[in-house]
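I opened a new page for this one. My plan is to look things up piece by piece and jot down what turns up.

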Amino acid sequence: MEILLRPLCIQDAAPLAKMADNENVYRYLRDRFPSPYLPEHALSFIQCCRENEEDGMSMVRGVLVNHKLAGVMESMFHIDIDSRNAEIGYWLGQQYWGQGIAAKALHRFCTEVFSTHPEIWRLSASILAPNTASMRVAEKAGFHEEAVLRQAAYKRETLMDLHIFAVLRNQWR
């Protein structure tokens, strides 16, 4: 199985929308991730990714498995006093779950972030408490749990704990 990362392109809109329009994908993502996820959402997201990357605000890569789009990795760069930090987000289409793809892709993505953004010292991921699979992905990719923010997230009219995973540049392997 070949796993590659590359910037998203307009041709990714249809497969992106098809994978993202899935309740099981959406349930642990931030509310800014639309549900239902329509093709116009995918086009807007891809355009926004391009603009934000050009402005140095984020880095987004499509995850390809055997040359087919399988998911997305995103790094959002912080500003002000925490400008040496970036928050990582990731998701895969449900058909790619449970195959070790996410951890391998996340590790490659973080390596790319650290190598192309020497100012970044710390990468973190905020993961909702019920999403233990995503926590395992972060750990397998080299992240360590730093904290649990009790009832810090509100999703679907429910307060949830938010687990913070992070890795520092000097710990990266």
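Before the first entry I need a term: two strands pair if DSSP finds at least two bridges between them. Also for the record, I am working from a predicted model.

**Entry 1: a pair of strands**

I started with β6, residues 144-155, and β7, residues 158-168. They pair in the antiparallel sense, over 8 bridges. Which residue in β7 does V148 stand opposite? I looked it up, and the partner is H163.

Then I checked the turn of this hairpin, where 2 residues lie between the strands. R156 takes a positive phi there, near 55°. A general reminder to myself: side chains in a regular strand alternate between the two faces of the sheet.

**Entry 2: a lysine over a ring**

Next I looked at K155, and found its charged end sitting over the ring of Y26. From there to the centre of the Y26 ring I noted 4.0 Å.

**Entry 3: aromatic rings**

How many aromatic pairs does the structure hold? The count came out at 3. I picked F33 and W91 from the list; their pair is edge-to-face, with 5.6 Å centre to centre and 80° between the planes. The cut-off for edge-to-face is over 60 degrees, so the label fits.

What I liked here is that the pair links distant parts of the chain. F33 is in the loop between α2 (23-26) and α3 (39-54), W91 is in strand β4 (residues 85-92), and 58 residues separate them.

Are these two buried or exposed? F33 counts as buried because its relative accessibility is 12%. W91 is at 11%, so W91 counts as buried too. I also wrote down that Y37 joins F33 and W91 in one aromatic cluster.

**Entry 4: two helices**

I moved on to α1, residues 13-20, and how it packs with α3. The angle is about 120°, and the axes are 8 Å apart. That angle is why I wrote α1 down as oblique to α3. For the handedness, I noted that α1 passes α3 in a right-handed crossing.

**Entry 5: one methionine**

Where is M135 found? I traced M135 to helix α5, residues 132-141. Its relative accessible area is 9%, so M135 is buried. I then checked M135 against E145: the two are 10 residues apart in sequence, and C-alpha to C-alpha they are 8.5 Å apart in space.

Definitions and conventions: Residues numbered from 1 in each chain as written. Predicted model: local features only at pLDDT ≥ 70, side-chain atom pairs only at ≥ 80, totals over all residues. Heavy atoms only, no water. Helix = DSSP H or I, 4+ residues; strand = E, 2+ residues; numbered from the N terminus. Phe/Tyr/Trp six-rings, centres within 6.5 Å; stacked < 30°, edge-to-face > 60°. Buried < 20%, exposed > 50% of the residue type's maximum accessible area, 1.4 Å probe, protein only. Lys NZ or Arg CZ within 6 Å of the ring centre and 35° of its normal. Axes fitted to C-alpha atoms, helices over the stretch in contact; angles between N-to-C directions. Parallel < 35°, antiparallel > 145°, perpendicular 65-115°, else oblique. Left-handed = near helix turned anticlockwise from the far one by under 90°.
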